[in-house]
Amino acid sequence: MKKTFFNILILGIILALVSCGGEEQKQEDKNIAKGLFILNEGTFTYANSSLTFYDPVADTVENNLFYRVNLAPLGDVANSMAIDENGMYIVVNNSKYIYKVDEKTMKYEAKLDGLTSPRHIMLIDKNKAYLSDQESTGLWIFNPATMQKTGFVETGNTTEKMVRVGNEVVVTNWSNYYQPETSNSTIQFIDVETDKLVDEMNVTAEPHSIVLDKNNNIWVLCSGGYMPPCEPALFCINPATRQIVKRFDFAEGDYPSSMVIDKSGENLYILNGGFGTMDLYKMSVDADALPTTALVNSQSMVFSTVAVSEDGGIYLTDVKNYVQNGDVLRYDSNGNLISKFEVGIIPGMMMFN
Amino acid sequence: MLESVEISASLVYKKAEQKSMERKIDAAIVKSLKTISLSQLLIQHSPVFIKTYGPGGTATASFRGTTSSHTLVLWNGLQLNSPSLGEVDFSTIPVFFTDEVSLQWGSKTSANSGGLGGVVNIDNSQKFNEGLILDFRTTRGSFDAKGLYLTLGYSAKNVITRVKAYRNSSDNDFTYTNIATIPHQEMKQKNADFLDYGVMPEMQLRLKKSLLTFVSWNQLSHRNYPQIMPNVFNNTKEYVDNYFTRNFLSYKYYWNTGRVEVKLAYFHEKQDYFLESYTSNGNPVTHINTVNVSDVLRHLVDVQQDLYRSWKLYVKIQYDHEKVRSSNYSAAPDATTLSPKRKMISFYAAVDGKIYKDLDLRMTLRNDLVGRDLSTVAYDNMESVGFFPTATLTYRMPFVKGLSVNAGYSHNYRNPTLNDLYWNPGGNENLKGENGKTVDLDMNYHYDDINFNLDFRTGFYYSKVKDWIQWVPTNYRYWMPKNVSEVLARGLELHFNANYRYALWNFMISGNYVYSHTTDESEYAQQYGTDGKQLIYIPLHHANAFAEVKWKTWNLNYTFEFTGERNTSMNDDEFFAYQLPYYMLHHISFGKQLNKFRLEFRVNNLMNADYQTVLWRAMPGRSYEFYFEFKL
C-alpha cells in the first residue's frame, strides 16, 4: 500500500512538472469593410474593453477585434472613438490613453498617454484635435498625425461631449464629481483659432449629449443629476446668439441618458427611462413638445446608447446586467426589429466608418 | 486555548467527534511556515481557495464555492470579519501570530452567523512549564524582501508571559512580462511595496481550577497598490494604511463534568484608502480618500457540561456590538460622516453523544437577534432573525477500523455588511440577511501503525443560499445591493496526508483537491441568461500538494499549487480577459538543522511560471529566500 501510494505521488509530480499549459495565439489580419464599430466599455478595473465591428451588408459580426489583431487588451473602460484620414482613435478612459489604429487593419500604430481622464475627441483638422477630460478642467489639444500633445485649453470646468459650429467648438460640462468646485450645468464655447474659452451658458445639471441640427441650432440633453432630486431637461440653443430657443422639461424620475441626431439634422433620438425601462423616443427638431410615445420599447432590455445610420436604420445597445456580453439590436426607421447580435461587455459608443 | 487541562475521561469519543466537519492544519507545517501570511498557508495546505492580488496585495478566501464574505474567520473563537466589508484580508494575518490553524464547515459553523462557506479558526496557545521562550527568525529574499520575527517569553508552572514582534517588508519590484502593452514588454512592477509591523503580548495565568488568558494583537501596515497591466503608465498613487488593535481576554473555569469560559474582546481598526491622479497642470485629483474606523466589542459566555454517559451539552450566549465610522457613508463630501451601529445577541445550544454503539449525533440550535441604527443614541428594536438548526450523524464503521462517515444538515444566515446597508450612494437599509442551507456527506479514513500513518478524507457538499446579496444596476448611475440571487454551491473535496518513517528517513506527503461548482439560479439570473454559469473567480478545480523528505537534520520540501480556469465575467467566451487560464506553481525548499539553529533556502515559483490570479495583476516569477532561525 505504501509503495503504491508513493509511486502515485512521484508520477503526479512528474506529470505536473512536464506539463506547461497555454497554446500560442496568433495575430489575425483584418480588412475592415463599411459598417458600424461598437466600442464595449467592459468592467471598470477589469480592463476587458473590446471593439466590435458589424458589417450590415454581409450581416457579420467580429468581436474582440482589437485583441485579435494586436494580442493585447484595448484597456480599461474604452469610452469613445473618432476617425479621420490619419486613422482611427480609441479613447480608453481609465487606462488614460488614446490608441491610434489603422482604420482598415485595426493594427496598432501609436499611443498618446499622460492624460487624466480622457473622454471624447473632436477632430479640428488633420493636425489638430481636442480631447475632453472628466478630471482636468478643460480640453487637451493634440496632433492626431503625430499623436503628440500640443496644448491645453483651460476652461475652468471638466469637459465631455463636443460639437463644432463654424469656428467654435461647444462642449458640455457634464461632471463635477472629481472637481466639486466647478460647474456641471453649463456648456462652453471655444474658439478653434485661438484655442480660448469665449463664452458659456447655463443649462441644468449634467449636460451629456450635444448635437447640431439642420437649422444650425444645438441641442443639449441634461440628465439632471445622478441622484434624485434631478432636473432632466432638453435645450435647443442658438449658438450664434447664445439664446435658449426652446426648453423641454422631462417628468420627475425620468433619466434621459443619451441623444443623437440623424444625418439630415431633422430628428433627435433620445433614450429616456430607468434601469430596464429605458425607451427610445424620436423627436423632430421642429416639435414643440417632448414625444410621449416610444419608438422602441425596451421590453426590460437595458438600452444604453443609440446610433442612426444614413438610411435611418436604428442601432441600440443592450448592456443587460453589465457583467456579461451585451447585444446590439438593429431596427428599421419605424422601430421594427431587424436583427440582434452579441457584442462585448457594456456596449457604449457606436460609430459608422 | 490550552486544552491540556481539559478532562480526558471521554478521550476516545472526543477524537472521533473532533474529526467530523473540521480539520486542523498540520502543526508541524504551521510551525515551519511562521514567516508567511495565512493566505499563503491556506493556498498551499488547505482546500480554501484564495484570490490574491499579488504579494502584499489583498487576499480573500473562498471556501466551498462561496465568496470571501462567507468565510468566517474566528480568532480564539471570536469573529474577525470586518463589519463594513464582511471579509478578512488573509494577507494581513501573519502565521507567526497564530499557533493553530483549523478549518470547519457544514454544521460545525453553526455557533456563529456568517460562515455559509466555512470557518477558518486561528488560535493562540502555549504550553505551561516550558521555561524560557526565545525564538528568532529572519528571512531575506528577492525584491529586497526582509522579515524579522522575535518571540520572547517565559512559561512557568502556572504563568506564561510571551511577546511576539515582527517586521516584514518587500519592495516587490519584480520583473514580469506585461502582456497588456503593445508590444509586450519586460517590466518592473512599480508601486507594490509594503511594510508591516506587529506586536502581540500574551499572558496566561493558571489558578487551581481556572485559567485566565489575555492576548493583544496589534498591527500597522502601509501597502502601495500597483496598477493593473494596461494602466502601468498612469500617473496614479494608490495605497492603504491600516492599523488595528485586537484585544482578547478570557476566563475559563473547570469542574469535574464541565467548564465555563467567558470571553471579552475589543477590536479597533482604522483604514485609510487613498487613490489620486493628476490633472493637466499637475494638480492632484483625489479619487478616494476614505477613512474607515471600526470598533467592535464581543462578549461570549460558553458553557460545556457532561450530561449522561457520552452526552454533552454546549451553551453559548454572545453579545456583539459593532460600530463603523466611514466617509463612505456620508451623504456628501463635506457632510458629517455617519457612524452606523449594529448589535447582535446570539443564543446557541448544542448536544452531542452516542445514540447507538458506533453512531454519534450532534444537534445544534441558534437564535439571533439583530438591531441596528444610524443615529447616535437609540437603536431600532432588536429583531429575531430566526432559528437555525443543524444536525450531524457520525457513523464509525465497525468492520473497517479508522473509517467513519458523517452526514450533516445545517441552516445558517449572514447579515448584510454595513457597506451593503449604508454605502453612499446605493446602500440599501431594507436588505435581509442571506439564508443558507447545506447538506454534507463526509468520509474519513485513518490508518496508523508504528512507521506509517495515513489520513484520507472526502466530502461532498450541496448548499443553497437564498437572498444572496448582489450589487445590481439602478435607474441612476450607481449600483445598489439587493437580495436577488439564489446561489447553489456544490462540490467535492479530497484530502490526504501520509507519513512514513524508515530508519533515519522521514517521508511526508499531503494534498487537497477541490471541485466547486457554484451558480446563481435566481429569477434575476434567469432574466439575464446567466443562470447555471459558474460565478466569477471561483475555479471549478483547484488543488495543492506537499511533500517532504527528512534525513537526519536535513530536509527537502516540495509544494505544488494548481488553480483551474476562472471566469472573470459571466460570458462563455474564451477571450483572455473573460476567462483566466489555469496555472501551476512549484516551490521547493531545502533546510538543515544545526543544534538550535536552522537554515533554509527556498525557491518560489521554481518553473518561473507566468500567470495571473486576478485579471491583469502582475505576479512574480521565480524568487529566492533565505531563512534563518534560532530557537532556544
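How many bridges pair strand β10 of chain A with β11(A), and in which sense do the two strands run? Keep this question in mind while you make the first selections. The model on screen is a predicted one.

**Stop 1: the sheet from β8 to β11 in chain A**

Select residues 138-143 of chain A, which make up strand β10. Add residues 148-154 of chain A, which are β11. The two strands pair in the antiparallel sense, over six bridges. To look at one of the pairs, pick I141(A); its bridge partner in β11(A) is G151(A).

Now widen the view to the sheet around them. Four strands of chain A lie in the order β8-β9-β10-β11, and the sheet is open, with antiparallel pairing. Select β8, residues 118-125 of chain A, and compare its place with that of β11. Both stand at the edges, and each has a single partner strand, so one side of each has no neighbour in the sheet. From one strand to the next, the twist averages 25°.

**Stop 2: two methionines in loops of chain A**

Stay with this sheet and select M147(A), in the loop between β10 and β11 of chain A. Its phi is positive, about 55°, although M147(A) is not a glycine. Is M147(A) buried or exposed? M147(A) has 20 other C-beta atoms within 10 Å. A residue counts as buried from 20 such atoms upward, so M147(A) is buried.

Next select M106(A), in the loop between β6 (97-101) and β7 (108-112) of chain A. M106(A) also is not a glycine and has a positive phi, here about 70°. With 24 other C-beta atoms within 10 Å, M106(A) is buried.

**Stop 3: the sheet from β12 to β15 in chain A**

Move on along chain A to another open sheet, made of four strands in the order β12-β13-β14-β15, with antiparallel pairing. Which strands stand at its edges? They are β12 (162-165) and β15 (196-202) of chain A. Each has a single partner strand, so one side of each is left without a neighbour in the sheet. Neighbouring strands here are turned against each other by 25° on average, direction ignored.

Inside this sheet, select residues 168-173 (β13) and 186-191 (β14) of chain A. Six bridges join these antiparallel strands. For one position to look at, choose E168(A), which stands opposite D191(A) in β14(A).

**Stop 4: two cis peptide bonds in chain B**

Switch to chain B and select I182(B) and P183(B). The peptide bond from I182(B) to P183(B) is cis, and its omega is near -10°. P183(B) lies in the loop between β11 (175-178) and β12 (185-188) of chain B.

Then select N424(B) and P425(B). The bond from N424(B) to P425(B) is cis as well, with omega near 0°. P425(B) is in the loop between α4 (418-422) and β23 (434-448) of chain B.

**Stop 5: where chain B touches chain A**

Show both chains together. How many residues of chain B are in contact with chain A? There are 47, and they meet 46 residues of chain A. Among the elements that give two or more residues to this side of chain B are β16 (258-278), β17 (284-306) and β24 (452-473) of chain B. Select β24(B) in particular: this strand gives the most, with three residues. Colour the side of chain B that touches chain A by class, and you will find 31 nonpolar, 14 polar and two charged residues.

Methods
Residues are numbered from 1 along each chain as its sequence is written. Chains are lettered from A and ligands numbered from 1 in the order in which they are written. This is a predicted model: local features need pLDDT of at least 70, side-chain atom pairs count only at pLDDT 80 or more; totals for chains, interfaces and linings use all residues. Two strands pair if DSSP finds at least two bridges between them. Axes are lines fitted to C-alpha atoms, for helices over the stretch in contact, and angles run from 0 to 180 degrees between N-to-C directions. A residue is buried if 20 or more other C-beta atoms lie within 10 Å of its own, exposed if 12 or fewer, and partly exposed in between; C-beta atoms are placed from the backbone. Two residues are in contact if their C-beta atoms, placed from the backbone, lie within 7 Å. Ala, Val, Leu, Ile, Met, Phe, Trp, Tyr, Cys and Pro count as nonpolar, Asp, Glu, Lys and Arg as charged, and the others, Gly among them, as polar.
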